[in-house]
Amino acid sequence: MRYRLTFIAGVALGYVLGTRAGRERYEQLKKSARQFAQNPAVRNTCETAAQSGREFAGKAYHAVGEKVGDKVPASVTERVRSLRGRGAGREDDWGTTNT
């Protein structure tokens, strides 16, 4: 019984200390991730990658559309248009810049 009580006390103490250290480490990682995400260079790179992806999707849709004609389901067309709407309105429906 004495060993059981000692074991349970040790587990409880380890749990409390471990969760406290784990929480501190979690908060530290969260703070680092937030600082990384707010870095202007990282934000610009992410925006550039997203813009390139939208342009590529529009060009790919055109290429596929030319090959398959009207066989592209309307649901796919609507999905592509809804994704295009997420850009800041600087482009037309299919990924080409209006200039």
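Biologist: Why is Gln 51 called buried?

Modeller: In this predicted model, Gln 51 has a relative accessibility of 16%, and because buried means under 20% relative accessible area, Gln 51 counts as buried. Gln 51 is found in helix α2, which covers residues 40–68.

Biologist: What makes the pairing of the Gln 51 and Arg 54 side chains a polar contact?

Modeller: The side chain of Gln 51 comes to 2.8 Å from the side chain of Arg 54, and since a polar contact is a pair of N or O atoms within 3.5 Å, one able to donate a hydrogen and the other to accept it, the pair is listed as a polar contact.

Biologist: Is Arg 54 itself buried or exposed?

Modeller: Arg 54 has a relative accessible area of 17%, and with the cut-off for buried set at under 20%, Arg 54 is buried. Arg 54 and Gln 51 are listed among the buried residues of α2 together with Val 42, Gly 58 and Tyr 61.

Biologist: How do you know that Glu 47 forms a salt bridge with Arg 54?

Modeller: The closest N and O atoms of Glu 47 and Arg 54 are 3.4 Å apart, and because a salt bridge requires a side-chain nitrogen of Lys or Arg within 4 Å of a carboxyl oxygen of Asp or Glu, the pair qualifies. Glu 47, at 41% relative accessibility, counts as partly exposed, whereas Arg 54 is buried.

Biologist: What makes the span of α2 close to the expected one?

Modeller: Helix α2 has 29 residues and reaches 42 Å from its first C-alpha to its last, which is close to the 42 Å expected at 1.5 Å a residue. At the start of α2, a side-chain oxygen of Asn 39 reaches to within 3.1 Å of the backbone nitrogen of Ala 41.

Biologist: Why is the link between Lys 30 and Glu 27 called a salt bridge?

Modeller: The closest N and O atoms of Lys 30 and Glu 27 are 3.8 Å apart, and because the cut-off is within 4 Å, this pair is accepted as a salt bridge. The side chains of Glu 27 and Arg 23 also meet in a salt bridge, at 3.0 Å from N to O, and Arg 23, Glu 27 and Lys 30 are therefore linked in a network of salt bridges.

Biologist: How are these residues placed along helix α1?

Modeller: Glu 27 and Arg 23 both lie in helix α1, four residues apart, while Lys 30 and Glu 27 lie three residues apart in α1, and each spacing is about one turn of the helix. An α-helix has 3.6 residues a turn, so residues three or four places apart point the same way.

Biologist: Why do Glu 27 and Lys 30 count as partly exposed?

Modeller: Glu 27 has a relative accessibility of 31% and Lys 30 one of 33%, and because partly exposed lies between the cut-offs of 20% and 50%, both residues count as partly exposed.

Biologist: What makes Val 11 eligible for a nonpolar surface patch?

Modeller: Val 11 has a relative accessibility of 44% and counts as partly exposed, and because patch residues need over 30% relative accessible area, Val 11 passes that cut-off. Val 11, found in helix α1, makes a nonpolar surface patch of about 320 Å² with Phe 7 and Ile 8.

Definitions and conventions: Residues numbered from 1 in each chain as written. Predicted model: local features only at pLDDT ≥ 70, side-chain atom pairs only at ≥ 80, totals over all residues. Heavy atoms only, no water. Patch = residues over 30% accessible without salt bridge, like charges linked within 9 Å, V, L, I, M, F, W, Y side chains within 5 Å. Areas by Shrake-Rupley, 256 points an atom, 1.4 Å probe, with all protein chains shown as cover. Helix = DSSP H or I, 4+ residues; strand = E, 2+ residues; numbered from the N terminus. Buried < 20%, exposed > 50% of the residue type's maximum accessible area, 1.4 Å probe, protein only. Expected span 1.5 Å × (residues − 1).
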